[in-house]
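The exercises below ask you to read a protein model step by step, going from its core to its sheet and then to one loop. Please keep the sequence and the structure in view while you work through each solution.

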Amino acid sequence: MTSVAFQNYAQQPATPPQPDQVVREFLFGVQQHDREKVKSMLHPQVQWEQPGNNRLSGTKKSADEVMEMGRIMGEWSERTLRLSSIEQCGTNGNTVAVRLRWTAAQPTGKVLDVGNVDIYTVENGKITHARIYSEDIFQEDRFWGK
């Protein structure tokens, strides 16, 4: 009887991971600079709203655009950009809010040390939308430039 129960369990369709699990896995991938993992957590047509009035601001309309933004951030920060903390995670349905802290430095002496609140929407185990809120958009604009 145990083997039948196990067999029936094994035939059940896999349920997608919970939205907060998806976001945490995505953010851990970001912390570890695991670009393959990060991209795998994004829906191919993800909508990513990056705040501010700088070279990186605006809506990205695909996983490729988001990954390119990340590559540019790494390049422009001389590979010092770090997701230094993931402070909170709250969930409402398929939406997840997370408080983060980012740090970076440029050879010119510009420093970034800013908190963000990111709001992610997750569908079928993929991030489909991200809206980023900065606690100090002026600092981000100065750091990333025009």
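**Exercise 1: The nonpolar core**

In this predicted model, the largest nonpolar core has 33 residues, and those that touch the most other members are Phe26, Leu27, Leu42, Trp48, Tyr120 and Ile127. Work out which elements give two or more residues to this core, and which of them gives the largest share.

Solution. Begin with the elements: two or more residues come from each of helix 2 (19–31), strand 1, helix 4, strand 4, strand 5, strand 6 and helix 5. Next, look for the largest share, which is the 6 residues from helix 4. Then take one well-connected member, Leu27, and set aside residues up to four places away in sequence; what remains in touch with Leu27 is Leu83, Ile86, Val98, Leu100 and Tyr120. As background, nonpolar side chains in soluble globular proteins tend to be buried together.

**Exercise 2: Three aromatic rings**

Describe how the rings of Phe26, Trp48 and Tyr120 form one aromatic cluster, and decide whether Phe26 is buried or exposed.

Solution. Start with the count, which comes to 4 aromatic pairs. In the pair of Phe26 and Trp48, the ring centres are 6.1 Å apart and the planes stand at 55°, so this pair is tilted, since only an angle over 60 degrees would count as edge-to-face. Because Phe26 belongs to helix 2 and Trp48 to strand 1, the pair ties together parts that are 22 residues apart in sequence. For accessibility, the cut-off for buried is under 20%; Phe26, at 3% relative accessibility, is therefore buried, and Trp48, at 7%, is buried as well. Now move on to Trp48 and Tyr120, an edge-to-face pair with 6.1 Å from centre to centre and 65° between the planes. Since Trp48 lies in strand 1 and Tyr120 in strand 5, this pair ties together parts that are 72 residues apart in sequence. Like Trp48, Tyr120 is buried.

**Exercise 3: The sheet and its helices**

Find the order of the strands in the open sheet, name its edge strands, and say which strands helix 4 and helix 5 lie across.

Solution. First, the sheet has 6 strands in the order 2-1-6-5-4-3, with mixed pairing. The edge strands, each paired on one side only, are strand 2 (58–60) and strand 3 (82–92), and neighbouring strands are turned by 20° against each other on average, direction ignored. Within the sheet, strand 4 (residues 95–105) and strand 5 (residues 111–123) pair in the antiparallel sense over 11 bridges; Arg101, for instance, has Gly115 in strand 5 as its bridge partner. Turning to the helices, helix 4 (residues 63–76) lies across strand 1 (42–50) and strand 2, at about 55° to strand 1. Helix 5 (residues 137–144) lies across strand 1, strand 4, strand 5 and strand 6 (126–134), running at about 105° to strand 5.

**Exercise 4: A loop residue**

Locate Lys110 and list its contacts beyond four places in sequence.

Solution. Lys110 is found in the loop between strand 4 and strand 5, and with a relative accessible area of 39% this residue is partly exposed. Once neighbours within four places are left aside, Lys110 is in contact with Ala104, Ala105, Arg142 and Phe143. A polar atom of the Lys110 side chain lies 3.3 Å from the backbone oxygen of Arg142. Finally, although Lys110 and Phe143 are 33 residues apart along the chain, their C-alpha atoms are separated by 6.0 Å.

Terms used. Residues numbered from 1 in each chain as written. Predicted model: local features only at pLDDT ≥ 70, side-chain atom pairs only at ≥ 80, totals over all residues. Heavy atoms only, no water. Pairing = 2+ DSSP bridges. Helix = DSSP H or I, 4+ residues; strand = E, 2+ residues; numbered from the N terminus. Axes fitted to C-alpha atoms, helices over the stretch in contact; angles between N-to-C directions. Contact = heavy atoms within 4.5 Å. Core = buried A, V, L, I, M, F, W, Y, C linked by side-chain atoms within 4.5 Å. Buried < 20%, exposed > 50% of the residue type's maximum accessible area, 1.4 Å probe, protein only. Polar contact = N/O pair within 3.5 Å; in protein donor to acceptor, adjacent residues only side chain to side chain. Phe/Tyr/Trp six-rings, centres within 6.5 Å; stacked < 30°, edge-to-face > 60°.
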